[in-house]
Each structure stands twice: as structure tokens, then as C-alpha cells.
Amino acid sequence: MLDVVGHPLAALVRGRRPGYSLDAPFYVSPEIFAADMEIIFGHHWIYVGVEPDVPEPGDAMVVDIGKDSIIIVRDDENRVVAFHNVCRHRGARILHNEKTTVGNIVCRYHSWTYDLSGALIHAEHMGPGFDRSCHGLKPVHLRSLEGLLFICLADEPPADFDDMARVMGPYIAPHDLRNTKIAFQSELIEKGNWKLVMENNRECYHCAGNHPELTIPLFAYGFGFAPEDMDEHERANAHRYSCMVQERHDGWEAAGLPSREVEHLADRVTGFRTERLPLDGEGEAHTLDTRAASKKLLGSFKTAKLGALSFWTQPNSWHHFMSDHIVTFSAIPLDADNTLVRTKWLVHKDAVEGVDYDIDRLTEVWQATNVQDAELVGFCQQGARSPAYEPGPYSPNTEMLVEKFCSWYVGRLADHLGL
Amino acid sequence: MLDVVGHPLAALVRGRRPGYSLDAPFYVSPEIFAADMEIIFGHHWIYVGVEPDVPEPGDAMVVDIGKDSIIIVRDDENRVVAFHNVCRHRGARILHNEKTTVGNIVCRYHSWTYDLSGALIHAEHMGPGFDRSCHGLKPVHLRSLEGLLFICLADEPPADFDDMARVMGPYIAPHDLRNTKIAFQSELIEKGNWKLVMENNRECYHCAGNHPELTIPLFAYGFGFAPEDMDEHERANAHRYSCMVQERHDGWEAAGLPSREVEHLADRVTGFRTERLPLDGEGEAHTLDTRAASKKLLGSFKTAKLGALSFWTQPNSWHHFMSDHIVTFSAIPLDADNTLVRTKWLVHKDAVEGVDYDIDRLTEVWQATNVQDAELVGFCQQGARSPAYEPGPYSPNTEMLVEKFCSWYVGRLADHLGL
Amino acid sequence: MLDVVGHPLAALVRGRRPGYSLDAPFYVSPEIFAADMEIIFGHHWIYVGVEPDVPEPGDAMVVDIGKDSIIIVRDDENRVVAFHNVCRHRGARILHNEKTTVGNIVCRYHSWTYDLSGALIHAEHMGPGFDRSCHGLKPVHLRSLEGLLFICLADEPPADFDDMARVMGPYIAPHDLRNTKIAFQSELIEKGNWKLVMENNRECYHCAGNHPELTIPLFAYGFGFAPEDMDEHERANAHRYSCMVQERHDGWEAAGLPSREVEHLADRVTGFRTERLPLDGEGEAHTLDTRAASKKLLGSFKTAKLGALSFWTQPNSWHHFMSDHIVTFSAIPLDADNTLVRTKWLVHKDAVEGVDYDIDRLTEVWQATNVQDAELVGFCQQGARSPAYEPGPYSPNTEMLVEKFCSWYVGRLADHLGL
């Protein structure tokens with residue numbers, strides 16, 4: 001438990017200047033990193049993966065969050081449940097591979113054996129006084145939002161997950177994530193604090209100069225601009241874009257696809273935002289030719305031209321749902337200076353690689369974009385280490401969501417610290 | 001010197017729950033690691049090697065213990081002595097290779113030269129006021145127990161080394177270690193705290209599931225079991241094993257080989273335990289065919305079937321003396337998370353490789369076992385880092401010696417801290 | 001800002017024993033390293049490179065000092081200026097390569113653009129309230145001493161740079177550094193504290209035993225000796241050397257080349273020392289055959305036999321100016337245990353590689369010497385980590401300048417701490 005009284009973190013939280021990037025210690029201090037892991041990642045809903053990670057009973061996945069290692073397993077009743085990956089005997093880590101299939105959960109050290117409900121069912125040599133029922137695996141809260149898996153390490157998780165699920169369910173459900181499979185997964189360690197990874201994700205001001213692939217499907221006007229800097233031609237284009245979004249939203253919603261923006265990034269414990277946005281060109285997917293990457297459309301979609309439903313959560317995820325595939329990202333802090341970004345590309349579970357989809361075509365936009373973002377995040381981490389760094393101003397036109405991320409983050413700290 | 005007043009270590013020491021693994025900070029905290037290096041490794045007898053490491057006058061060995069580097073050298077009077085490996089001029093480390101042969105001990109930086117008694121005998125340019133006699137190498141306490149070398153970094157080493165030597169001398173002497181040579185040496189860095197390495201060494205509950213090679217010569221019943229879990233058949237086997245041990249002890253002792261258990265793991269400053277145990281199969285050695293690995297038997301042994309005399313010391317060694325070879329292990333802490341295990345296989349000094357013994361055959365059981373143990377120790381270190389870790393119960397039947405190790409360790413801390 | 005009150009550094013500073021190497025924490029403590037970076041490297045003139053590093057307008061060099069990254073750029077008016085390498089928007093590091101040529105200084109993240117005076121001249125989407133004039137690059141003090149570039153990270157740099165420049169200008173100017181080019185540059189990370197690197201540089205007591213190449217051009221008697229240890233023959237040689245130095249100084253000074261020793265290593269904030277010394281053999285340069293390495297002599301020199309003008313500065317540089325080439329060294333601390341030594345070999349800007357000079361011949365003496373020194377510095381760092389280390393005595397005959405370095409260093413800390 002963090003020592004709150006007189007903690008320098010309190011002064012930093014109180015002194016945060018809205019509209020500006022955070023003070024350097026928030027990005028570089030190991031102490032604040034430890035506080036982040038306790039306050040943010042220890043007490044909020046963390047996105048960790050998808051139900052297709054563990055499609056069958058006995059399928060298990062290990063996810064490490066800071067010093068915690070979590071087993072996520074599908075039990076014999078087809079429920080996805082989570083446990084701490086720590087044997088109750090001598091504390092050994094039990095499962096070591098990211099993915100495995102098990103009958104029971106067996107610790108190799110002394111063969112202590114737990115069933116898929118976490119109960120200790122076998123432990124040799126422990127003598128007559130030993131009570132197995134006191135030595136089950138410790139459970140971890142887990143929720144599935146239409147197949148997106150969130151865990152919470154706290155004893156009492158934030159209650160507003162239900163609100164988010166109620167709002168987001170109708171947006172996500174049509175993409176039928178539970179009937180997808182993971183076509184590809186990448187893991188990239190970005191050399192920057194997790195908050196710089198999140199800030200980078202919350203704006204597209206940097207897209208034009210850095211993401212030649214992503215800006216093919218994405219509309220330039222979709223992520224904010226300064227109206228006073230525009231000439232008449234640009235202003236007309238921006239207006240046309242705005243009308244198009246309106247028109248598409250109307251059409252999609254009439255067809256039963258919720259599309260309009262919902263934004264609760266900074267006013268909820270479990271902050272989130274969503275919107276379905278049209279794409280450029282053929283308008284089907286985040287691909288270099290803007291066409292669908294998989295021939296098998298998801299759910300019961302009849303047309304590929306559905307733009308991309310984006311879903312952003314605080315503190316650590318973003319997702320793009322298209323007609324034919326889903327790309328889903330989690331940011332996992334490793335230390336003050338390094339963050340793991342895990343990306344999964346999902347296609348219909350019956351789609352056949354080489355027939356219905358090609359891995360390169362499916363992944364090339366976001367593989368390239370991730371690498372570009374990693375470099376930019378690294379530049380910011382290097383800069384934040386400099387004594388000459390001082391918080392700089394966010395653009396009021398293109399970095400509003402970065403500000404909301406920071407405001408949410410600082411607010412969550414303040415709440416935890418009782419400030 | 002450790003700051004004792006109000007040190008959180010004191011609370012952890014006081015709060016230790018007997019019969020349970022240690023609290024996580026004992027395994028993962030850099031501060032407690034520093035305390036261990038001062039209190040345990042700075043004030044106890046540490047096993048570091050054998051006389052055959054430095055067989056001839058001028059032969060020198062460098063052993064690093066934490067931040068200390070120690071020169072162990074055989075002087076011209078054939079005594080083995082030890083010095084700090086630090087030049088008294090500018091503080092340079094003097095010897096750099098693990099093994100070397102020297103006439104004098106010369107610092108390369110400015111050619112300051114010390115003889116094998118540590119006296120400074122040459123230092124140029126130091127002017128008329130300079131007193132060489134004040135600038136000799138700093139000595140380190142060293143004791144040889146029938147050829148096993150122990151050092152102590154404290155000014156006043158524990159006096160009970162003599163008691164251990166008096167008891168152990170007759171057990172070890174027949175194996176005539178001084179007339180052996182090092183046939184092979186391995187160094188393995190286990191990714192765990194040194195105490196997890198020691199705990200792993202102090203039980204064989206994990207052997208059946210993890211050591212397919214070691215369990216060929218070792219009897220399954222030799223390391224404890226829960227009688228109440230056994231069926232009639234197992235109970236009969238255990239009884240037969242117990243009778244065999246008794247019978248062998250009688251025979252060996254009648255033949256002049258002390259064999260019965262002596263156990264002072266937790267009730268002495270210099271804790272130790274010994275026992276000569278029969279081996280399975282041919283009963284000769286820790287080999288895959290349970291036969292002797294070297295044709296030249298040690299000392300004046302006439303038969304190879306002598307089982308294995310084991311000798312365990314606190315804080316950092318274990319040894320197996322057989323009729324034909326000796327395997328000796330030291331655990332050297334590197335940091336809270338890493339421990340060097342150095343293993344030496346000794347055979348008769350006149351044994352010829354390829355004729356009398358084969359390195360692979362000699363070493364394969366313990367090479368495999370060390371690697372297996374390293375993995376298990378790593379699993380425990382990973383688990384101990386988890387906030388979900390909590391001390392678990394030791395088996396009262398198979399982990400009594402683990403408990404004695406922990407009890408000794410915590411007791412030594414308490415004694416040092418005046419608790 | 002360092003917390004001074006009750007800082008253990010104060011006790012160490014007060015307790016320093018003159019004539020002895022420093023207490024171990026000065027070499028190994030991360031906290032004292034941080035204090036060094038603030039007090040010494042944050043408030044003194046640091047040597048970083050030469051004007052030929054940025055020969056043309058728009059040429060930029062990046063130099064990292066601790067956590068600071070500095071852009072050194074030649075502006076359109078041909079002035080060399082310096083800025084912090086941190087964008088004023090989101091804090092990204094701007095330039096990433098050691099050398100580059102730019103029109104403006106552009107941050108890749110969001111294309112914020114600064115001109116070569118550091119002014120922000122372009123920043124999109126920032127809205128009408130944004131004042132570009134408040135968001136220029138932060139300047140860093142920079143001075144050129146006849147082409148040697150020094151920066152100071154403090155707001156108010158030490159004023160006595162001018163004194164040093166006034167004294168040193170006439171010594172250095174004849175070598176016409178501004179009309180040289182960098183023929184070769186090496187970067188070597190020495191595994192020791194920066195002060196051990198400096199101490200190593202401030203004496204040649206270690207040369208005879210460690211530098212077979214360097215001692216070809218250098219006279220053995222040039223760096224001190226203990227007269228009382230010498231026999232009659234050595235005494236005569238030392239006397240002859242002393243007379244030769246006197247005679248050469250007279251001759252060089254008559255020819256307009258200031259040569260006599262000036263020494264202010266310990267009595268100035270900006271400590272320095274210089275002397276022109278004769279070389280052995282042909283007496284022309286630090287080469288294996290003691291002849292000039294480049295056919296194009298520097299400045300308006302007519303003869304190559306000018307010995308070597310050496311210039312040492314506190315805290316971090318040394319330089320050797322010869323008739324045909326210049327070798328210049330900077331020591332940049334990386335952490336308590338590691339120091340970057342950057343060496344540049346300069347020849348006349350019109351000299352042609354392969355025709356006028358050969359890289360191997362030019363660099364082989366100091367390349368070898370640097371590697372040898374790095375090993376020695378590493379030995380000292382290893383030794384200083386040992387609890388058995390204690391400060392040892394400097395030779396009053398050969399290590400006087402080491403003592404002056406330490407005395408200057410401790411004095412600068414004392415002054416900063418108000419002791």
C-alpha cells in the first residue's frame with residue numbers, strides 16, 4: 001500500500017496544469033511507476049485479451065501485469081475464469097507458456113494439483129492437519145464484454161463496468177467477436193512510459209507526418225483541425241467530411257448498427273469512448289487498398305462497407321471493429337521506461353488462411369503503424385528524461401482526447417490519494 | 001553497518017511464521033539482500049572451494065562474494081591463505097583470472113608488489129615518509145576442513161567452526177580430499193534468491209517429479225514421506241529401506257567409516273548436517289548406472305560400494321563424498337534475484353581422464369540435476385515477485401530441513417539485530 | 001536541486017584526506033553520481049567537441065551529457081550555438097543522429113519547426129491563443145576557445161572561462177584548429193567512474209608498466225619520479241632531461257610559441273594546466289616512429305619538431321597539439337560505473353587521407369593507450385566496490401596532479417554545498 005501522507009506524488013497531482021503534458025516524473029520516475037501499477041493497474045479494469053484466446057474448455061492463457069501473473073482459463077462449464085499464477089505451497093509460478101491446454105492446473109515443483117475452479121485437489125506428504133480447502137488458487141475478477149476480456153486485480157472492482165457494458169454491448173455485438181479466431185498476434189516493446197503510449201494513441205495530429213499506411217484508410221479530417229488555419233478549400237473539405245459522417249451514421253443506425261460517438265473518457269472510473277467512422281477509398285477496412293482483408297464477413301454482415309467502429313478504454317486499450325476483421329490492442333506497462341503493446345488481428349473463425357485472407361495484407365497497416373508509434377513514443381521518453389523538459393501545450397483542436405486521458409489519469413490518482 | 005533501529009527487516013524477522021516459506025521481501029528485496037550479504041555472508045563461514053584448487057605454492061584462486069573479491073593462495077610454506085583482492089595504493093583489483101600461478105602478487109596499475117604473506121615488498125616513487133609495513137594486503141580468515149576451504153569476512157569469525165571440524169573430520173578424512181584433483185567444474189547462474197537455492201537443496205519432495213537422473217541412485221524413501229498416505233505395500237517398502245540404512249550404518253561404522261546422521265542445521269551458528277546413505281542399484285555412486293565413475297578409488301578404500309556421505313552446511317554448501325569421487329557445491333549470491341552455483345567434481349589425483357574416468361559419465365547426473373533445479377528455483381523467484389504470493393506450508397514429512405534452513409536463517413538475523 | 005541539509009555527501013566532503021584517493025562512495029554511489037552530474041557537470045564548463053564538428057552553416061551535432069541532450073549547430077551567421085534537444089510541444093527528442101545537416105530544426109512528432117536561432121516558426125493546430133515566441137528551443141551557453149567547444153548547462157556559467165581563454169589563446173592559436181578536420185573519432189566506454197578516468201589521465205606513474213606504445217614518444221622523466229630512489233646514472237639522465245626541456249622552451253618561445261607550464265588545476269573554478277613538452281626520438285608527434293603523421297603541417301608551422309603542447313581541463317578533457325595533428329579527448333560520465341571517452345584526431349583540413357596521412361599511423365598510439373587505460377580504470381572500479389577498499393596514498397612525486405584533480409573536485413562540491 002502506497003504511503004500517501006506527504007508523498008511527493010500528491011504535490012505533483014495537485015500541481016498538474018490542465019491542457020499541458022504531464023510533469024516529467026509521471027513519465028520517468030520508478031516510484032510513480034510503482035504508484036501507477038498499484039493505483040491504476042491494481043484498481044481498474046484492465047483489458048487483457050479475447051475469448052478466442054481460450055476457445056475450448058481447458059485452454060489457458062497467461063497474462064503478466066506488472067509483478068502479477070494471471071492464468072485465464074476456460075473451465076468445464078465453458079466459463080472464462082482467472083487465477084493468480086502462484087502455487088499456494090512454495091509460491092512457484094505454475095504455468096509458463098502464454099498459451100497451453102490443461103486438464104488440471106499442476107505445479108511442477110511438488111505436483112500440487114488444482115482443478116479448473118482453482119480448488120486444490122492433490123498435495124502429497126502434507127500430513128493429517130493440512131486443509132486443502134484453504135489452499136486453492138487465488139481468484140481474479142474477470143468480465144467479458146461481448147468477448148473482450150477485462151480483469152481487475154482489486155478486491156472490489158469498479159462497479160461502473162456494467163454501465164460501459166450496457167452502452168457498448170449493442171455497438172460491439174454485431175461483430176460477433178466470440179465467433180472469431182486470432183489470425184495473428186504481435187508483441188512490441190515500446191521504449192516509453194505507458195502513458196506516452198496512451199497519449200500517442202489518443203490523437204492523430206502526428207498521423208500525417210508519420211503514418212503513410214494508416215492515413216490511406218483514415219480520413220485526415222477525422223481527428224481534429226484548427227479551423228482558423230484553414231483556407232477556403234480546406235474548410236469546404238472539412239464541411240463535406242462532417243456531412244458524410246452524419247449521413248453514414250444515419251444510414252448505419254437505421255440498419256441496426258449503433259455508430260454515434262459516446263464519450264466518457266474522463267468522467268467515469270472505467271473511462272471509454274466509441275464511434276463508428278467512415279473510411280476513405282473503398283471504405284471497408286484498415287488495409288492498404290481500403291478493401292476488406294477477409295472474405296468471410298463477421299456476424300451476419302451482408303456488406304463490407306461499414307467503416308470502422310473504434311472503442312477506446314482507460315487505462316490501456318483500443319480496438320477497431322470492421323465488417324471483416326477486428327484489431328485489438330492492449331498496453332501493458334513493463335517499467336517506467338517500457339511498455340508492451342500486444343496487438344491481435346481477429347477474423348471469422350471459419351475463414352481459411354491463404355483462401356479467405358492473407359496475413360500480410362490483414363496486418364500490414366497496423367504492423368507498420370505500431371512500429372512508427374513505438375519510435376515516436378521513444379523520442380518522448382528520451383525527451384522527458386532531460387532536465388530541460390517542461391510540460392508543453394496540447395492542441396485544443398487535435399489533442400483534446402490526450403488531455404482527457406491525462407485528466408482521467410490524474411483524477412484517478414487524486415481520488416485514490418484522497419486529494 | 002546496517003541501520004537496525006526501526007528497520008523493516010526487524011518486523012519481518014519477528015513476524016516469521018514457523019513451518020511456512022518466508023515472506024516475499026526475503027526473496028525479492030534488494031535491501032534484504034544487502035542485509036543478507038552483511039549479516040549472513042559477512043559474518044559466517046562461507047564454503048568457497050577445495051585445497052586442490054590451489055595444489056602448489058604460488059597457485060592462486062579468486063573468489064568473489066558479493067562486492068568482495070578474495071585471493072586464495074598457497075604460500076611457500078604450503079599453507080593456504082586468503083587476502084582481499086584490492087591494492088592498497090589506488091584500490092585496483094589485482095588478480096583477474098579465477099586461477100593463476102604467481103611468484104608475488106603484483107598490481108598491474110603501478111607495479112606495487114606483495115609477497116605471498118601479503119606484505120608490500122615494492123612500491124616505487126612513494127617518497128621517504130612512506131611506510132610499506134602499513135600497506136600490506138588485508139587478510140581474510142580461512143580454514144580448511146580436511147581440504148574443504150571456508151572463509152569468513154568478519155573480523156571475529158564464529159568460534160564453533162572447531163566443533164564442526166571435530167565432528168566432521170572423521171567422516172570426511174577417509175575420502176582423502178587433499179589427494180584429489182578437480183576433474184570438472186561448472187558454474188550455473190540460477191535466476192532466484194540464494195535462499196530459494198538452499199531451500200531447493202534441502203528437500204527431495206520435488207525429486208520424483210523433476211529429477212529422472214538423480215532418482216536412479218537415490219532411494220525414493222530416503223528423504224521423507226507421509227506415512228498416513230501410504231498403502232500397505234509402500235509401508236513395507238519404507239520399512240525395508242529403514243532397516244537397510246540401519247544395517248549399512250552398522251557395517252560401515254564397524255569398518256571405520258562414521259555414517260550415522262549428525263544434525264545441527266538450526267542450533268549452531270555454523271549449522272551443518274551429515275549422513276552416509278546407501279544408494280540404489282549397484283550402490284556405488286551418483287551415476288546413471290549407479291557404479292563408480294572413476295577406477296581409482298579415493299583414500300585407502302578397497303570397495304566402491306560405500307553409498308554417499310553427504311555434508312550440508314549453512315549458509316551455502318552441500319557435498320557428496322563417494323568411494324571414487326566427490327561432488328561439492330557452493331551457492332554464491334549475486335543479487336536478490338540471482339545466485340551462482342559452482343559445482344566441482346573431484347577424482348583421485350592420479351586418475352587419468354579417458355582411462356580411469358570419463359567426464360560425461362562422471363558429471364551427467366548432477367549436471368542434469370543442477371539445470372532442473374535452476375528452473376524450479378526460477379519458478380519460485382517469479383512467484384515470489386507476485387503481490388499474490390503468500391508464505392505456504394512446508395510438508396512436516398519431507399520439508400523439515402527446509403524449515404531448519406529458514407529457522408537458522410531467521411535466527412541468525414534476529415541474533416545480529418539483537419531481537 | 002540537491003538536498004544539502006544533512007546530506008551524507010557533506011560528511012564525505014569534509015572528511016576527505018588530502019594526498020589519498022577518494023572514499024569509495026565517490027566512485028560507486030549512484031547518489032553521489034547524481035550530485036556530480038548536478039554540481040560538477042551541471043555548473044562547470046564542459047568540453048564537448050570542436051568547431052570542425054560543425055564546419056558549415058546548418059551542420060548540427062548532438063552531445064548527450066547525463067540526462068541532457070544538447071544540439072550544437074552552426075547558424076546562418078556562422079556562429080556555433082547550442083540548444084536543449086527537447087521539443088517544446090510534447091517534449092520529444094528532436095535530433096537523433098550524432099551528426100546531421102539541417103535547414104531548420106524540425107521535430108518529427110508533430111512537425112513543430114524551429115529556425116537555427118531556436119525560434120519556433122511553425123506549429124499547426126495550436127489555436128488563436130498560442131504564442132509561438134514563448135515556445136522556442138531552450139538555449140545552452142557555449143564558448144569556443146580557438147575552436148575547442150565548451151558548454152555550460154547552468155543559468156550562470158563560471159566567469160573565469162575568460163581568464164582561461166586569455167591565457168590559453170596564444171598557446172593554442174598557432175595550431176589553427178579551426179582549419180582542421182576530424183580525420184578519425186573513437187568512442188570507448190570505460191567501465192569506471194569518470195573521476196577514475198580523470199585520475200588515470202593525470203599521472204604517468206602507470207605508463208612504463210602499461211603503455212608500450214605511448215612511452216615511445218613520451219620521455220620517462222617527463223612525469224615525475226622519486227629522486228631518493230635513483231642511482232647516479234638515473235639522476236644524471238633526469239638532470240639532462242630537465243635541461244633539455246628548459247632549452248626547448250626557450251627556443252620555442254623565442255619562435256613565438258608559448259611553451260612554459262601554466263598550472264591552475266586546483267585554484268580556479270575552471271581549472272586547467274598547459275605545457276609544451278619535447279618528445280623522444282624524432283620529437284615530432286605521438287606516433288610509433290615519433291615522426292609527424294600528416295604531411296600537411298598545421299597553421300603556418302615550418303618545422304614538425306615542436307614536441308606536444310598539452311592542455312588539461314577540469315572536469316573532463318585533455319588535448320595534445322602537435323605540429324601536424326591534434327588529439328582531443330572528452331570524458332562524459334554515463335553512470336557511477338561507466339564513462340564515455342570520446343577521442344578525435346584532427347589534421348589540416350586540406351590533408352588528403354592516403355596521400356598526406358594514414359589513419360592507422362595517425363591513431364595507433366592513442367587507440368592502444370585508450371584501451372589500456374580503460375582496462376586499468378575498470379580494475380579500480382572493481383576494487384572500489386569492495387568493502388575492503390580504503391583510500392590509499394598518492395605518490396608525492398608522480399601523482400601530484402591526481403591530488404590536484406581530487407582537491408579541485410572536493411573543493412567544488414564543498415563550495416556548492418556551502419561547506
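**Exercise 1. Where in chain A is A:His44 found?**

*Solution.* Start with the conventions. This is a predicted model, in which local features need pLDDT of at least 70 and side-chain atom pairs count only at pLDDT 80 or more, while totals for chains, interfaces and linings use all residues. Residues are numbered from 1 along each chain as its sequence is written, chains are lettered from A and ligands numbered from 1 in the order in which they are written, and side-chain values use heavy atoms, with hydrogens and water left out.

Step 1: find the loop between helix H3 (30-40) and strand S1 (46-50) of chain A; A:His44 is there. Helices (H or I, at least four residues) and strands (E, at least two) are DSSP runs, numbered from the N terminus.

Step 2: check accessibility. A:His44 has a relative accessible area of 3% and is buried (under 20% is buried, over 50% exposed, in between partly exposed, with a 1.4 Å probe and protein chains only).

Step 3: list the neighbours. Leaving out residues up to four places away in sequence, A:His44 touches A:Ile39, A:Ile151, A:Cys152, A:Pro158, A:Val269, A:Pro315, A:Trp408 and A:Arg412 (contact means heavy atoms within 4.5 Å).

**Exercise 2. Describe the ring pairs that involve Phe329 in chains B and C.**

*Solution.* Step 1: recall that a pair of aromatic rings is described by the distance of the centres and the angle of the planes. Rings of Phe, Tyr and Trp (its six-membered ring) pair if their centres lie within 6.5 Å; planes under 30 degrees apart count as stacked, over 60 as edge-to-face and the rest as tilted.

Step 2: search the whole structure, which gives 43 aromatic pairs over all chains. In one of them, the ring centres of B:Phe329 and B:Trp366 are 4.9 Å apart and the planes stand at 70 degrees, so this pair is edge-to-face.

Step 3: place that pair. B:Phe329 belongs to strand S16 (residues 325-335) of chain B and B:Trp366 to helix H8 (residues 359-385) of chain B, so the pair links distant parts of the chain, 37 residues apart. B:Phe329, at 0% relative accessibility, is buried, and B:Trp366, at 7%, is buried too.

Step 4: turn to chain C. C:Trp318 and C:Phe329 are stacked, with 5.2 Å from centre to centre and 15 degrees between the planes. C:Trp318 is in strand S15 (residues 317-321) of chain C and C:Phe329 in strand S16 (residues 325-335) of chain C, so parts 11 residues apart in sequence are tied together. Both C:Trp318 and C:Phe329 are buried.

**Exercise 3. Describe the contact of chain A with chain C and that of chain B with chain C.**

*Solution.* Step 1: count residues. Chain A gives 34 residues and chain C gives 24 to their contact; between chain B and chain C, 24 come from chain B and 34 from chain C.

Step 2: look at buried area (the accessible area, 1.4 Å probe, that two parts lose on being put together, summed over both). Chain A and chain C bury about 2,600 Å², with 53% from carbon and sulfur atoms. A:Tyr205, A:Phe379 and A:Pro393 lose the most area in chain A, together 24% of what that side buries.

Step 3: repeat for the other contact. Chain B and chain C bury about 2,500 Å², again with 53% from carbon and sulfur atoms. In chain B, the most area is lost by B:Arg90, B:Tyr109 and B:His125, together 31% of what that side buries.

Step 4: note the predictor's scores for the complex, an ipTM of 0.95 and a pTM of 0.95.
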